[in-house]
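Reader: I should be grateful for a close look at one part of this protein, beginning from a single residue and following its surroundings outward. Please state the cut-off behind each term as you use it.

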Amino acid sequence: MINALSIDVEDYFHVSAFEKCVRRDQWHTYPLRVEENTARILDLLDSHAVRATFFILGWVAERIPSLVKEIHSRGHEVASHGYGHKRVHTQERREFRDDVRASKALLEDLIGEAVIGYRAPSYSISAASLWAYDELVDAGYRYDSSVFPVRHDLYGIPDWPRFPFVVSRGPSGQWSPAGKVPGGDGACGEQRQMVEIPITTLAVAGKGVPIAGGGYFRLFPYRFVKWGLTRINRTEKRPFVFYLHPWELDPDQPRMTDAGFKSRFRHYLNLDRTEGRFRRLLSDFRFMPLQELVRDWRSCSETMP
């Protein structure tokens, strides 16, 4: 079973958990660590012959264009993480439109090819911001990976499917899962639809348990993570989607002492163990970029009425 590996390229001061104590107009005053941390990930992937999808923040790409080109030159997929790392539901629709288009154009200019994938900051496409799919389709994206099917204070659509599916806009104008069988890419025929690749959860007692990356990867013992991901592959016979941030391999990053306890706990927990766990993950499982999952799926005309 080949799974999907994704890296959300942002720096430690961009995270939503710190947005109350880190002003956007002060981002330029913080020392950049994303280039060095991403380079460590690239070297790790090279050593395991793994290719991944890098969802790159436009703010980072604009300041370190060489990093985007390096990611691309090493054979990885370049995808969009938006430009300014604002959660979708905190933006006006026009602001979101400008954000996702600016990021896409910037990345495409740097790598010389189409950028087809998008991931919202903090997985913030929620029930309150499904209009975002209209903007993504119109901007030319072909798949999205922004939905986390869990309950969380910052994100989540808990009743949506755990594995890739087609999200479609119905006659009422509302976007919803059109089926659990993955379909094609972008807008197919006259229907408005897109492939959604959610962050994978582990089914336990009828609920989805976050297990495939980020803070959960740092919170749970690696033995539990490996067991859960193996169960998804072998019992459910499905690939999982794993994610990580470059700052999660950086225990020496500056501390945001003004942030609340919960935010600091989530962000700094077990940073010194992430790289070792990530090495084990790369050895224990097989991975490919998200765009290759999309390419393996049947077209919309084969899966949709």
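Author: G82 is buried, with a relative accessible area of 0%; buried means under 20% relative accessible area, exposed over 50%, and partly exposed in between, with a 1.4 Å probe and protein chains only. The model is predicted, so local features need pLDDT of at least 70 and side-chain atom pairs count only at pLDDT 80 or more, while totals for chains, interfaces and linings use all residues. Residues are numbered from 1 along each chain as its sequence is written, and side-chain values use heavy atoms, with hydrogens and water left out.

G82 belongs to the loop between β3 (77-80) and α4 (93-111). Helices (H or I, at least four residues) and strands (E, at least two) are DSSP runs, numbered from the N terminus. Leaving aside residues up to four places away in sequence, G82 touches I56, L57, G58, D99, S103, Y118 and R119, where contact means heavy atoms within 4.5 Å. The C-alpha atoms of G82 and I7 are separated by 14 Å, with their positions 75 residues apart along the chain.

The loop between β3 and α4 also holds H85. Although H85 is not a glycine, its phi is positive, at about 55°. Most residues other than glycine have a negative phi. With a relative accessibility of 2%, H85 counts as buried.

On the other side of α4, V115 is found in the loop between α4 and β4 (117-118). V115 is buried, with a relative accessible area of 0%. Its contacts, again without residues up to four places away in sequence, are V78, A79, S80, K104, L107, E108, G140 and Y141. V115 and T257 are 142 residues apart in sequence and 37 Å apart in space, C-alpha to C-alpha.

Helix α4 carries charged links as well. R93 and D134 meet through their side chains in a salt bridge (3.9 Å, N to O), the term being used for a side-chain nitrogen of Lys or Arg within 4 Å of a carboxyl oxygen of Asp or Glu. Because R93 lies in helix α4 and D134 in helix α5 (residues 132-139), this pair ties together parts that are 41 residues apart in sequence. R93 forms another salt bridge, with E135, the closest N and O atoms being 2.7 Å apart. E135 also lies in helix α5, so the pair ties together parts that are 42 residues apart in sequence. R93 counts as partly exposed, at 34% relative accessibility, whereas D134 is buried at 7% and E135 is buried at 3%. R93, D134 and E135 are among the residues linked in a network of salt bridges, together with R97, D138, R169 and R192. By the cut-off given above, the count comes to 22 salt bridges.

The nonpolar interior brings α4 in again. A nonpolar core is a set of buried Ala, Val, Leu, Ile, Met, Phe, Trp, Tyr and Cys residues joined through side-chain atoms within 4.5 Å. The largest such core has 95 residues, of which F54, L229, F242 and F278 touch the most other members. Helix α4 gives the most to this core, with six residues. In soluble globular proteins, nonpolar side chains tend to be buried together.

One of those core residues, L229, touches I211, A212, F240, F242, L281 and F285, not counting residues up to four places away in sequence. L229 is also one of the buried residues of α7, along with Y222, V225, G228, T230, I232 and N233. The cover over the buried residues of α7 includes β1 (2-9), β9 (201-204), α6 (214-219), β11 (241-244) and α9 (271-284).

Beyond α7, the loop between α7 and β11 contains K237. K237 has a positive phi of about 55° although it is not a glycine, and at 59% relative accessibility it counts as exposed. In contrast to the buried H85, K237 is thus an exposed residue with that backbone feature. E236 and R162 meet in a salt bridge through their side chains (2.9 Å, N to O). This pair links distant parts of the chain, 74 residues apart: E236 is in the loop between α7 and β11, and R162 in the loop between β5 (143-144) and β6 (165-169). E236 counts as partly exposed at 27% relative accessibility, while R162 is buried at 19%.
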